[in-house]
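Here are some worked exercises to try with the structure open beside you. Attempt each task on your own, then read through the solution.

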Amino acid sequence: MIWFILGAILVGICLGIITGLTPGVHINLISVMIISMSAFLLPLFPALLLVVAIVSMSVTHTFLDTIPAVFLGAPEADTALSVLPGHKLLLEGNGYKAVKLTVIGSLLGLCLSIALVPILIFVVGFIYPFLKPLIGYILIGVVAFMVLRDKQRKWAFLLFILSGVLGLIVLNLPTLSNPLFPLLSGLFGVSTLVISLKDKVNIPEQKIEKKLKIDKKVMVKAVGAGTFAGFLTSLFPGLGAAQGAVIATQLVKITNESFLIVIGAISTVNFVLSLVTLYVLDKARNGAIIAVSQLIQADLGIIIVIFVCVLIVAGIVTILALKLTKGFAKIITKINYKFLALGIIVLICVLGVILSGWLGFIVLLIASGLGLLAPLKNIARNHSMGVLLLPVILYFVL
Amino acid sequence: MNDNTLIKISLFVSVGGIIALFFILQFVDVDAISVKQVEEKSDGDFVKVYGQVNDVISRGTVTSFTINEINKLDAVVFDNLSLEKGIFVELEGKISEEQGQKQLIVDTIRIR
């Protein structure tokens, strides 16, 4: 069995490389494809192997998705906040350093969260029944805090409400398939690329420094804050990495560098700990976990096997991420950034039509327009997460 | 932290993980098999399979159904169940051979 599991891990890593490096191709999409093909796959492979492949893909994705976010300025919801500090370092010739910081956050956050799993199993089971009736109000508190800390509160509130209304309409369209793709790609992907085209970005020669000068205390604090925030995002539906990052930045003093460690830790820890939420609460917090929950009964034995597989994947992908980033750092200066950005916008539009039809394309255009509001008005992009938060808040409060 | 330290941690985590997986698999029950592997099992063998419910026929206290569209497996439950086509199920039971055709006599069914 061990060879089959290692084979499934390799397949998952290959899929994760595709989803992680290709802007707009999310793990939810591949998970949905695996589920829709399960009638053909389940007779051929034990369900555990499909689950291991999905989990390996998802963990790989969380390690690699900052590479396009930093080098191409094409993020997803989870990496949206890494664009600004990441892009800043890229423009200073430190793109490799930016990705390396997120990889350190992912690896150390993952190890810490797995070490804490035995405690978290009890904590989640104990506190969730008390928190459940309060979830909607806690989320309102988080949103209010985020809006009030922004210098342009009115615009921040307007962006949150407009994104939320768009989310409410689009997520309730019965004829639209894969609604998250055009919504998130428009709000966070296309809009960022359009801005970078407008700003006529020139990318300097990238430095590849093997030694990273960062204070150990700062690193430990950032990993701790990222792990805690990742735990919260796995517990609360609708709370994404962006909101988690805002919470984490209130816990510790954050610099550009430690912020990237926090972002790396949050998205990986969020995925790892959503397996705990599945085991303890039988609740799936993202598309990949929904696929896992449909394929297999997550008993303790299976969860232990999956966590060990996650560790194996994390080790392999850390080395892979450093190699791939070095490659990106060498190539990026040789590519015409304008054509690259235009190419990615066209790719996202084509994928939008393929995955969600012409209606999805219209949603993509609207979301892209709305996504421009944050950089044009100089407000934080995370207010656009109202697209998911407002529907979730209304679900819990009404 | 330099690259070599990061790579050392990665190797430790990966190799340690593989060794841990080897030992854990000796104790943990991960014996759910694919429907295709059912063909290799003998009459009376106890198996656990996952699948998607296809055709369902309920007659009195017997419910028979197939799981999956290709490499189908017939399953029988001695109970009156209302199963919907397309749902995912986990089945545990004994293999029985009827006229050269393998079927699963279900002891436990869990709907996902």
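Helix axes here are lines fitted to C-alpha atoms over the stretch in contact, and the angle between two of them runs from 0 to 180 degrees between N-to-C directions. Please keep in mind that this is a predicted model.

**Exercise 1. A helix pair within chain A**

Task: Describe how α10(A) and α16(A) cross, and decide how they are oriented to each other.

Solution:
- Step 1. Find helix α10 (residues 180-198) and helix α16 (residues 337-371), both in chain A. Their axes come within 8 Å and cross at roughly 150°.
- Step 2. Apply the cut-off: angles over 145 degrees count as roughly antiparallel. α10(A) and α16(A) are therefore roughly antiparallel to each other.
- Step 3. Look at the hand, which is left-handed for the crossing of α10(A) and α16(A).
- Step 4. Sort the residues of this contact by class: 19 are nonpolar, 10 polar and 1 charged.

**Exercise 2. A second pair to compare**

Task: Classify the arrangement of α8(A) and α9(A), and list the residues that meet.

Solution:
- Step 1. Helix α8 spans residues 135-149 of chain A and helix α9 spans residues 153-171 of chain A. The two axes cross at roughly 140° and come within 7 Å.
- Step 2. That angle makes α8(A) oblique to α9(A).
- Step 3. From α8(A), the residues V143(A), V147(A) and L148(A) take part. They meet R153(A), A156(A), F157(A) and F160(A) of α9(A).
- Step 4. By class, the contact of α8(A) with α9(A) holds 6 nonpolar residues, no polar ones and 1 charged.

**Exercise 3. Where the two chains touch**

Task: Work out which element gives the largest share of the side of chain A that touches chain B, then follow that element to its partner in chain B.

Solution:
- Step 1. Start with the totals: 39 residues of chain A are in contact with 36 residues of chain B.
- Step 2. The elements of chain A that give two or more residues to this side are α1 (2-21), α3 (38-41), α4 (47-64), α7 (95-131), α14 (287-295) and α15. Of the residues on this side, 14 come from α15(A), and that is the largest share.
- Step 3. By class, this side of chain A has 30 nonpolar, 7 polar and 2 charged residues.
- Step 4. Now turn to the helix pair. Helix α15 (residues 300-332) of chain A packs with helix α1 (residues 3-27) of chain B at an angle of about 155°, and the axes are 8 Å apart. That makes α15(A) roughly antiparallel to α1(B).
- Step 5. α15(A) passes α1(B) in a left-handed crossing.
- Step 6. Pick out some of the participants: those in α15(A) include I304(A), V308(A), I312(A) and L322(A), while those in α1(B) include L6(B), S10(B), G17(B) and I24(B). By class, the contact of α15(A) with α1(B) has 18 nonpolar, 5 polar and 1 charged residues.

**Exercise 4. The domains of chain B**

Task: Find the domains assigned to chain B and the separation of their centres.

Solution:
- Step 1. The domain assignment gives domain 1 (1-30) and domain 2 (32-111).
- Step 2. Taken over C-alpha atoms, the centres of domain 1 and domain 2 of chain B are separated by 37 Å.

**Exercise 5. Buried or exposed?**

Task: Decide whether V77(B) and D55(B) are buried or exposed, and look up their contacts.

Solution:
- Step 1. V77(B) sits in strand β4 (residues 73-77) of chain B. V77(B) counts as buried because it has 21 C-beta neighbours inside 10 Å.
- Step 2. Leaving aside neighbours within four places in sequence, V77(B) is in contact with T63(B), V106(B) and I109(B).
- Step 3. D55(B) belongs to strand β2 (residues 46-59) of chain B. With 12 other C-beta atoms within 10 Å, D55(B) is exposed.
- Step 4. Under the restriction to residues beyond four places in sequence, D55(B) is in contact with F65(B) and T66(B).

**Exercise 6. An unusual phi**

Task: What is the phi of N378(A), and where is this residue found?

Solution:
- Step 1. N378(A) has a positive phi of about 60°, although it is not a glycine.
- Step 2. N378(A) is found in the loop between α17 (373-377) and α18 (386-397) of chain A.
- Step 3. N378(A) counts as exposed, with 10 C-beta neighbours inside 10 Å.

Methods. Residues are numbered from 1 along each chain as its sequence is written. Chains are lettered from A and ligands numbered from 1 in the order in which they are written. This is a predicted model: local features need pLDDT of at least 70, side-chain atom pairs count only at pLDDT 80 or more; totals for chains, interfaces and linings use all residues. Helices (H or I, at least four residues) and strands (E, at least two) are DSSP runs, numbered from the N terminus. Angles under 35 degrees count as roughly parallel, over 145 as roughly antiparallel, 65 to 115 as roughly perpendicular and the rest as oblique. A crossing is left-handed if the near helix is turned anticlockwise from the far one by less than a right angle, and right-handed if clockwise. Two residues are in contact if their C-beta atoms, placed from the backbone, lie within 7 Å. Ala, Val, Leu, Ile, Met, Phe, Trp, Tyr, Cys and Pro count as nonpolar, Asp, Glu, Lys and Arg as charged, and the others, Gly among them, as polar. Domain bounds come from an automatic or database domain assignment. A residue is buried if 20 or more other C-beta atoms lie within 10 Å of its own, exposed if 12 or fewer, and partly exposed in between; C-beta atoms are placed from the backbone.
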